Each structure stands twice: as C-alpha cells, then as structure tokens.
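Subject: Handing over a structure

Hello,

I am passing a structure on to you, with the sequence alongside. Please have a look at it, and then read on for my notes.

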Amino acid sequence: MTKDVEGADDQRPPIAVAHVVLETDRMEASAAFMQAIGMRPVFLGPQVSVLELRGGTHLLLMRKDEVSGGGAPFDLMVDDLQAAHARFAAAGLAPSAIEARPAIGHEVFTLREPAGHVITVFSSHASGKPV
C-alpha cells in the first residue's frame, strides 16, 4: 500500500498501464475520433499524438504510411454502455449493435476508427475497489 499526496493510505493497485499504441495513416482523423469518444488530448502532432484516458493511461497514435485495419490491440470500458452507445451514434460514429456476452457478464459494441481499426467497448467490470 502506498500513501497518496495527503499521506492517506492509497487503496489503488500500485501499477497501471502507461501507454497503448495504435498505428494510423490518418493522424488528424484518428486523433479527432479518439477525442470524440472521450479521450483528452495531451499532444497532437503529425507523427505522434498522445491522448489520455481515465487513470492516466495514454494512447499513442503513431503515424505509419500503410495500416492494416482489423482488431485494435486494446479494448475500452465505459461506466454506462447504453449512454456511450447513444452518444457515439448521435455523433455519427456508427457503433455496432450492443451484444450481451453472458459468459463474461458484460455487454459490448464495436466502433471502427478512421484508419480501419475495430475497437471493442465493454460495459464496466471494475471491481468496485479504488482504481
């Protein structure tokens, strides 16, 4: 257990994911998409863009001349899946239908970002403990 800034016991796990990487051949469009779904811009550049997620994890968008779409190397989680789905649909981001995944106790949908990566969005599965 560590201490937080005020000296109180910090109940969060002592380790986190720092960075995840996604290659794109459409930097501006991919960065705009990530902001539209709720990521905070830290740095937006032509070769690398950094966007922040909850918990301080950073998505690094890396410029590449040719990108093969397919499944993204990560998935996302939201507190209210139905609200996120409605918000993304209203923004014209064309989320797939919500699917139940009873074997894992979640619901999911997918989004295709501008470079062609398919990102899966899960309902929350946080433990209820501080994260």
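Below is what was found, going from the strands to the salt bridges, the pocket, the aromatic pair and one loop residue.

Please keep in mind that this is a predicted model.

Let us begin with three strands. Strand E4 (residues 40–44) and strand E5 (residues 48–52) run antiparallel and are joined by four bridges. A hairpin of three residues leads from E4 to E5. If you want a place to look, proline 41 stands opposite leucine 51 in E5. E5 is also joined to strand E6 (residues 58–63), again antiparallel, by five bridges. Here valine 50 has leucine 60 in E6 opposite it. The hairpin of E5 and E6 has five residues between the strands, and glycine 55 in that hairpin takes a positive phi near 85°.

Next come the charged side chains. How many salt bridges does a search of the whole structure find? There are four, and I will walk you through some of them.

One of them sits on the strands just described: arginine 40 and glutamate 52 meet through their side chains at 3.3 Å, N to O. Since arginine 40 belongs to strand E4 and glutamate 52 to strand E5, the pair ties together parts that are 12 residues apart in sequence. Arginine 40 is exposed, with a relative accessible area of 53%, while glutamate 52 counts as partly exposed at 21%.

Another salt bridge joins arginine 54 and aspartate 79, with the closest N and O atoms 3.0 Å apart. This pair links distant parts of the chain, 25 residues apart: arginine 54 is in the loop between E5 and E6, and aspartate 79 is in the loop between E8 and H2. Arginine 54 is exposed, with a relative accessible area of 67%, and aspartate 79 counts as exposed at 57%.

A further salt bridge is formed by arginine 101 with glutamate 99, where the closest N and O atoms are 3.7 Å apart. Arginine 101 counts as partly exposed, at 34% relative accessibility, and glutamate 99 counts as partly exposed at 41%.

Now to the pocket. The largest pocket has a volume of about 1,100 Å³. Its lining is made up of 30 residues, and the closest to its centre are Leu53, Arg54, Gly55, Thr57 and Met77. Strand E8 (76–78) and helix H2 (81–90) each supply at least two residues of this lining. Which classes of residue does the lining contain? It has 18 nonpolar, five polar and seven charged residues.

Helix H2 appears again in the aromatic contacts, where the count comes to one pair. The ring centres of phenylalanine 88 and phenylalanine 109 are 6.0 Å apart and the planes are at 70°, so the pair is edge-to-face. Phenylalanine 88 is in helix H2 and phenylalanine 109 in strand E10 (residues 106–112), so that distant parts of the chain, 21 residues apart, are linked. Are these two residues buried or exposed? Phenylalanine 88 counts as buried at 3% relative accessibility, and phenylalanine 109 counts as buried at 1%.

Last, a residue with an unexpected-looking angle to check for yourself: alanine 94 has a phi near 50°, a positive value in a residue other than glycine. Alanine 94 is found in the loop between H2 and strand E9 (99–101), and counts as exposed at 63% relative accessibility.

Best wishes

Key:
Residues are numbered from 1 along each chain as its sequence is written. This is a predicted model: local features need pLDDT of at least 70, side-chain atom pairs count only at pLDDT 80 or more; totals for chains, interfaces and linings use all residues. Side-chain values use heavy atoms; hydrogens and water are left out. On a 1 Å grid over the protein atoms alone, a cavity is a set of points where a 1.4 Å probe fits but cannot get out, and a pocket is an open set with protein on both sides within 12 Å along at least five of seven lines; lining residues have an atom within 4 Å of a point. Grid points are joined across faces, edges and corners, and a volume is the space filled by probe spheres set on the points. Ala, Val, Leu, Ile, Met, Phe, Trp, Tyr, Cys and Pro count as nonpolar, Asp, Glu, Lys and Arg as charged, and the others, Gly among them, as polar. Buried means under 20% relative accessible area, exposed over 50%, partly exposed in between (1.4 Å probe, protein chains only). Rings of Phe, Tyr and Trp (its six-membered ring) pair if their centres lie within 6.5 Å; planes under 30 degrees apart count as stacked, over 60 as edge-to-face and the rest as tilted. Two strands pair if DSSP finds at least two bridges between them.
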